[in-house]
Structure formats: structure tokens, C-alpha cells
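Trainee: I have a model open and a list of questions. Can we go through them one by one?

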Amino acid sequence: MFLEKINSPADVKKLSFEQLQTLSGEIRKTLLKKLSEHGGHIGPNLGMVEMTVALHYVFHSPTDKIVYDVSHQSYTHKMLTGRKEAFLNPAEYDDVSGFTNPHESQHDCFEIGHTSTSISLACGLAKVRDLKGERYNVIALIGDGSLSGGEAYEGLNNAAEAGTNMIIIVNDNGMSIAENHGGLYQNLKELRESNGTCACNFFKAMGLEYCYLDDGHDIQKLVETFQAVQNSEKPVVVHIHTTKGKGFAPAEMDKESWHWGMPFELATGKPKFSFSGPSYEDLTAEYLLEKMKQDSTVAAITSGTPGVFGFNQARRKEAGSQFIDVGIAEEHAVALASGMAADGGKPVYGVYGTFLQRTYDQLSQDLCINNNPAVLLVFAASAYGMTDITHLGIYDIAMISNIPNLVYLAPTSKEEYFAMLEWGIAQQEHPVAIRVPATGVRESGTADTTDYSQLNKYQVTRKGQDAAILALGDFYELGKKAADILEKEHHIKVTLINPKFITGLDTDLLDSLKANHRMVVTLEDGILEGGFGEKIASYYGLADMKVKNFGFKKSFPDRYVPDELLKENGITVEQIVKTILAEID
Ligand SMILES: Cc1ncc(C[n+]2csc(CCOP(=O)(O)OP(=O)(O)O)c2C)c(N)n1
């Protein structure tokens, strides 16, 4: 096996074209074995095998710098840069992350997981190289889907003016996670169909040099293409056509489902684990489809992740023009929602908390200053969401809840979630965001008849004394468990509160607690700094009330086990009980 002998890119350079082809076959087989046992980004990596081999054959990493966009497609790069054992040896599978990671290797430039940033990052590397008077190649590798993000355009615009070495490889497999959307993709299609020769050329119009390669799996052609642009003195776009999922029939046939996946049977493609039971994704899509039928102004918006709220291909078709995929353009999605809501539309934007991070200004400026009644559904905003350092879901409360006018709601059950969503869509007063529970669908069994237009009214679910637990959203169950233990094992009845409103204080209730409570405990599934609990603590500042905030300390945990992260941060039922007992016993 050639792969077993590859310890660095220098070993790739020793091989003949035929051997490089054999190596590619070995890599694809190795990828498939690991992916089938471990899960990961399947289609993107299968499509990048030959291109990565050719990149390392031609360029001289780490002197030449390769910046992978999202970097979810960097598995072959890892194999060729000293990390093959993490793919060949199951015991070492978890030794590498799913994204580029400078802590793992000097061949990885950045720790990255969000899209559309590679050209900007590469512009930075190229600029400092030039300022220092050094010479090497800077390469940004970006997928066609990721070109739909605003930062990619900003990067192209800047690169065009740089007038210096920068190689922008566009890996065009004709897909984002789902199908691409937007005007750019018509031009990419024309370019593919004309072998890169059509008169209308987006990249040339931006002032960039351009070349095209139709078969991104032909090693020799890839090598020749890269050699032609190596050491270019100008920014150049190398547009390469590849097949997402290349070499694995199920992934080639259903590219959307195979973008990322859990372990599967190699022979059949059948998933090894199946999840049954209700999910907020499916429930949300079904609910919205119903709403769309009743009201033609209801529209669901996604920024390149339709699955976030259950819009699979069939549901997208059913929704028709009431489903809008703007591409991977979160900033635009928020502003679009604001625009629709400004004139009587009822937009519902479904988004992962981690990706919403890039929209702070659109939330603040376009949406909230204008106080337009759009609805945002924030998914995986939880320590139980995605656990990679690049995809954390614990910053949203601090980010969103400090923007005026926005009403951010934290349901604790299915009934509450849909009551909030129903109200959010119907009302015309506020921008509303809902933090969709990330720990599974819990039914309370009781209809939620709350009038959410009465803002900031917390719900007391158990009346007690001495201590009150304010348990927000997903962490309500944790508070309830602590209250149960205190009652059953220690015969102490504490007050339990479901705040529901993240963005505002129920000052009447907080004041009333002063009468017979000495301490307030807050629980939130997010960072403490700037979060919900701090606002409660600050409100009680001068009062005779102790406040203990449970939440996560501000940090960038990586590939953590959620329950362990809770434990490290002292967020266990035992810890909560202990804290309360210490203060009131
Ligand atoms: C800001 C942001 N939004 C959404 C995502 C989720 N996401 C990961 S990869 C991807 C599609 C990327 O498509 P493309 O660049 O064409 O790469 P491919 O996977 O097709 O190789 C999306 C939407 C993300 N990583 N970052």
C-alpha cells in the first residue's frame, strides 16, 4: 500500500502518475472504511481525493499555504500530511478533528468550520507574505456552495486588487449541502458546460485570471493545471469540476443525504443506527407547511441548511415559493426576513445557533432597530448541539439577548414551543427568536395557553420558599430534578420557575421572591458572561438576595462530551442541590 508509506507531502512527490492514481484509490477505500465506522463528511471528502493528491504533488506545503474553506473536505490532506494513522487505524480515529487544525499539523493554516472565509484568510496570508518580502504560493480552496456567502465575494473583490500570487481553487461539485441557489450558479453551470470558455464569466468580471478543468478526478490533468498556475504573479481562479461522493454509488446518487453522515453499512449504504420518534426538525416543517397553506405570506427561510428545520426535498417541493434557500448567506437571510416582515410577510428563518453568530449586525440593525416581526428559530443552541470547537452552540444567549426589541424565548416542552411559534408568527409587534430545545422532544401533556404578548412573565411551576430555581429552556429538567431531590430527600420545598423569556426580567416576580427567599439559582445552557443569569444577579445587586448562576464559563471547548462539560462547569444536579443546601440549611 502506498498510503502506508506516505509520511509527508515529500513522499507524494516521489510517485509516478500511475502510482498517484493507485494512491488515490487506496485513500478513497480508507476514507470509506473510516467513514462507514465513524461517520463524518462523506460526499465532500470523496470528491476531493485526486485534487488533494495533486495539490500536494505540485505545491510545497507547509511553505506554500493551503487554506481550506469550511475545511470539512480536508481528510485526504490530513492523510498526506503525517496523519494517515488516524484514518487507517480505528484506535486512532479520534486523534484528528473533522476540520483543519493547526494544533495537529503545521500543514493546517486555520481552525475553521464556518463557510466562505478561505479567500479572506488567504488574502491575509498573501498580504503579510508580500509585506515581509517572502515568496511562496497561497492557495484558497473553496466549494461552489461556499461561494454564496458574502465574505467570499468580499474576499474575491479584495484578491482581484491585490495583484499578487494567490490561487483560488473553486471545487465545483454543483452542490452545497443541498442544491445551490442564486444567480451565480447559472454562470457556474454555463462555465462548466462551455469548458470554461463562455463569454460571461463571473470571475473574470471581478478582474481575476481564470482557468477551468472539467475532470477534477484526473490526476495528470490536475497536476498540469496546478503547475500552470504555480508561482503565478497574479490572483488566479482555478475552476475545477468534481463529483461529490465520487466512487461511492449511494453518495453520488443522493448527494444531499450523504453530505455528512453517521456510520453506515459499506455494502449497502444503510445507516448503522436509526433514530425513531419525533424530532423538532420534522415537527417544525410539518407545522410550517400547514401554516403556509393557511396563509400565503408565511415563508420558511434557510441559509443553505434546509435540514435544520426538517425541510427535506419533498417538503421543499411542497412549500414551493414559500420556501426560500438564500445560499449560505446568514446575514442576507436575517435582512431578507426583516424586509419581508416590514411589509406584512411572515418569515420564519431556521438556523443553527453557531451560524447565526455572523449576523450580529443584521440582527441589530436591519431587524431590531426596525422592530420588524420576523421569527427566528435557533437550533442546536445548547451544549448538547454540535461539539466541535467551530460549531459551538453556547454563545447565542449572550449574543442575541442583549439586542434591544428582540424577544428571545426558551420553551421547555413541545406544547410551549408551538404556542410560542404560533404567537410569534401571528403577532406584529416584535422580532421573535425561539431557542428550539436541543435535548429531544419533551411533552408536558398540558396545553400552553400563555399569552406571550404579555412580555417577560415567568411561570412559577412549583411554589416553595428559601430558594428559587430559575431553570431556562433545556435546563428546566435539571432544575426540576434538583427541586425534586430537595423535596424528597431533604424535605425542603423550593420554588421552581420556568422563565420562558430570555430577553427580559419579570421584575414583579423577582421582587416578590424577596419576601420569603434568601437565594436564587439560575440555570442556563449557555455561557455565563452576558447571559441570562448575570442579568438576574445584577438585578438583585443591592438586595438581600444571594444569587448563584449555573452555566458555562466562556471558553472554546473542542470535541467534548456534553455531560462531561456540564460536570466540569459544576452543572450537575448534585452540585445544584449542594449549593442550595449550603445556603439555606
Ligand atoms: C456559515 C456557515 N453556514 C452553514 C454551514 C454548514 N455547511 C457546511 S458545508 C456546507 C456546504 C458547503 O458547500 P460547498 O462549499 O460546495 O462544499 P461541498 O460540501 O459541496 O464540498 C454548509 C452549508 C457552515 N459550515 N458555515
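Mentor: The questions below go from the domains to the ligand, then to the sheets and the backbone.

Trainee: Which domains does the assignment give?
Mentor: Keep in mind that this is a predicted model. The domain assignment splits the protein into three ranges: domain 1 (3-252), domain 2 (280-435) and domain 3 (459-584).

Trainee: How far apart do the C-alpha centres of domain 1 and domain 3 lie?
Mentor: Domain 1 covers 3-252 and domain 3 covers 459-584. Take the C-alpha centre of each; the separation is 47 Å.

Trainee: Where does the ligand lie relative to the domains, and why?
Mentor: Look at which domains supply the shell around the ligand. Domain 1 (3-252) gives residues to that shell, and domain 2 (280-435) does too, so the ligand lies between domain 1 and domain 2.

Trainee: Which residues around the ligand come nearest?
Mentor: The ligand has 22 residues around it. They divide into 6 nonpolar, 12 polar and 4 charged. Nearest come His-72, Gly-145, Ser-146, Lys-244 and Glu-330.

Trainee: Which residue has a polar backbone atom 3.0 Å from a nitrogen atom of the ligand?
Mentor: Set the side-chain contacts aside. His-72 has a polar side-chain atom 2.7 Å from an oxygen atom of the ligand. Asp-144 also uses a polar side-chain atom, 2.9 Å from a ligand oxygen. The backbone contact to the ligand nitrogen, at 3.0 Å, belongs to Thr-115.

Trainee: How much of the ligand's exposed area does the protein bury?
Mentor: Start with the ligand taken alone. It exposes 580 Å². Of that area, the protein buries 97%.

Trainee: Which strands are the edges of the sheet with 6 strands?
Mentor: The sheet is open, its pairing is parallel, and the order is β9-β8-β10-β11-β13-β12. On average, neighbouring strands are turned by 20° against each other, direction ignored. An edge strand pairs on one side only, and that fits β9 (323-325) and β12 (407-409).

Trainee: Which residue in β10 stands opposite Ala-299?
Mentor: Strand β8 (residues 298-302) pairs with β10 (residues 346-352) in the parallel sense, over 4 bridges. Opposite Ala-299 in β10 stands Pro-347.

Trainee: Why is one side of β14 and of β18 left without a neighbour in the sheet?
Mentor: These strands belong to an open sheet of 5 strands with mixed pairing, in the order β14-β16-β15-β17-β18. β14 (459-462) and β18 (546-552) stand at its edges, so each has a single partner strand.

Trainee: What is the bridge partner of Thr-522 in β18?
Mentor: Strand β17 (residues 517-527) and β18 run parallel, joined by 6 bridges. For Thr-522, the partner in β18 is Asn-549.

Trainee: Which two residues does a cis peptide bond join?
Mentor: Most peptide bonds are trans. Here, check the loop between α4 (49-58) and β2 (65-68), where Pro-62 is found. With omega about 10°, the cis bond joins Ser-61 and Pro-62.

Trainee: Which residue has a positive phi although it is not a glycine?
Mentor: Most residues other than glycine have a negative phi. Go to the loop between β2 and α5 (75-83). The residue there with a phi of about 65° is Val-70.

Definitions and conventions:
Residues numbered from 1 in each chain as written. Predicted model: local features only at pLDDT ≥ 70, side-chain atom pairs only at ≥ 80, totals over all residues. Heavy atoms only, no water. Near = heavy atom within 4 Å. Polar contact = N/O pair within 3.5 Å; in protein donor to acceptor, adjacent residues only side chain to side chain. Areas by Shrake-Rupley, 256 points an atom, 1.4 Å probe, with all protein chains shown as cover. Nonpolar A, V, L, I, M, F, W, Y, C, P; charged D, E, K, R; others polar. Domains from an automatic or database assignment. Pairing = 2+ DSSP bridges. Helix = DSSP H or I, 4+ residues; strand = E, 2+ residues; numbered from the N terminus. Axes fitted to C-alpha atoms, helices over the stretch in contact; angles between N-to-C directions.
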